[in-house]
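Student: I would like to go through this model by question and answer. Please keep each answer short and end on the value or name I ask for.

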Amino acid sequence: MTGFFQQVRIVPKYDRFTVEFVMLIGKKIEIGAKKERCMGVDLGIDNIASVATNTGMTPCLFKGGRVKCVNQWYNKMRSRYYAVLRNGKKGHKSVYQTRRLIGFD
């Protein structure tokens with residue numbers, strides 16, 4: 001299916017992000033059309049996104065270090081609260097939830 005590119009949406013959903021490309025479907029596009037303006041986006045882990053264009057603009061680099069730091073802190077705190085809750089309890093069948101842990105989810 002071919003269409004006209006309209007926009008890109010980055011939608012946060014719980015523990016991940018969804019990237020949506022919005023296209024307008026209509027007439028067929030000529031494959032041999034001029035491409036005066038193009039943009040490339042490289043998604044990654046250490047750098048969330050690297051963006052480059054062919055228009056002469058300076059390429060952009062979005063660092064992911066702060067996002068990784070927040071994620072690491074979240075996992076550390078959730079693990080700590082869960083360990084405190086399980087301290088001294090035997091068995092794995094019991095439900096181990098508190099308001100603080102539910103707030104982390």
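**Strands, a hairpin glycine and a nonpolar patch**

Tutor: In the hairpin of β4 and β5, G56 takes a positive phi near 95°, and six residues lie between the two strands. Bear in mind that the model is predicted.

Student: Is G56 buried or exposed?

Tutor: G56 is in the loop between β4 (47-53) and β5 (60-63). Its relative accessible area is 71%. The cut-off for exposed is over 50%, so G56 counts as exposed.

Student: How far apart in space are G56 and R37, C-alpha to C-alpha?

Tutor: In sequence, G56 and R37 are 19 residues apart. The C-alpha to C-alpha separation in space is 10.0 Å.

Student: In which order do the elements run from the N terminus on?

Tutor: The protein has two helices and five strands. The strands precede the helices, and the order is β-β-β-β-β-α-α.

Student: Over how many bridges do β4 and β5 pair, and what is the bridge partner of V51 in β5?

Tutor: β4 and β5 pair in the antiparallel sense, over four bridges. In β5, the residue that partners V51 is C60.

Student: Which residue in β4 stands opposite L43?

Tutor: Strand β3 (residues 39-43) pairs with β4 in the antiparallel sense over five bridges. These two strands form a hairpin with three residues between them. Opposite L43 in β4 stands A49.

Student: How many disulfides does the count come to?

Tutor: A disulfide is a covalent bond between the sulfur atoms of two cysteines. The rule asks for a pair of cysteine sulfur atoms within 2.5 Å. By this rule the number of disulfides is zero.

Student: How do C38 and C60 count: buried, partly exposed or exposed?

Tutor: C38 has a relative accessibility of 35%, and C60 has 39%. Partly exposed covers the range between under 20% and over 50%, so C38 and C60 both count as partly exposed.

Student: Which residues does V19 touch, not counting those up to four places away in sequence?

Tutor: V19 lies in strand β2 (residues 16-24). V19 and R9 are 10 residues apart in sequence, yet 5.7 Å apart in space, C-alpha to C-alpha. With residues up to four places away left out, V19 touches V8, R9, I10 and L43.

Student: Is V19 buried, partly exposed or exposed, and what about V8?

Tutor: V19 has 34% relative accessibility, so it counts as partly exposed. V8 is found in strand β1. At a relative accessible area of 39%, V8 is also partly exposed.

Student: Which element gives the largest share of the nonpolar patch?

Tutor: The patch is on the surface and is formed by F5, V8, I10, F17, V19, F21, M23, I25, M39, V41 and L43, with about 1100 Å² of accessible area together. The elements that give two or more residues to the patch are β1 (4-13), β2 and β3. The largest share is four residues, and it comes from β2.

Student: What percentage of the residues in the protein is buried?

Tutor: The protein exposes about 9800 Å², of which carbon and sulfur atoms supply 58%. Among contacts between residues at least 6 apart in sequence, 11% join residues at least 24 apart. Of the 105 residues in the protein, the buried ones make up 10%.

Conventions
Residues are numbered from 1 along each chain as its sequence is written. This is a predicted model: local features need pLDDT of at least 70, side-chain atom pairs count only at pLDDT 80 or more; totals for chains, interfaces and linings use all residues. Side-chain values use heavy atoms; hydrogens and water are left out. Buried means under 20% relative accessible area, exposed over 50%, partly exposed in between (1.4 Å probe, protein chains only). Contact means heavy atoms within 4.5 Å. Two strands pair if DSSP finds at least two bridges between them. Accessible areas come from the Shrake-Rupley method with a 1.4 Å probe; for residues, only the protein chains shown count as cover. Patches are made of residues with over 30% relative accessible area and no salt bridge: like charges are joined within 9 Å, nonpolar side chains (Val, Leu, Ile, Met, Phe, Trp, Tyr) within 5 Å. A salt bridge is a side-chain nitrogen of Lys or Arg within 4 Å of a carboxyl oxygen of Asp or Glu.
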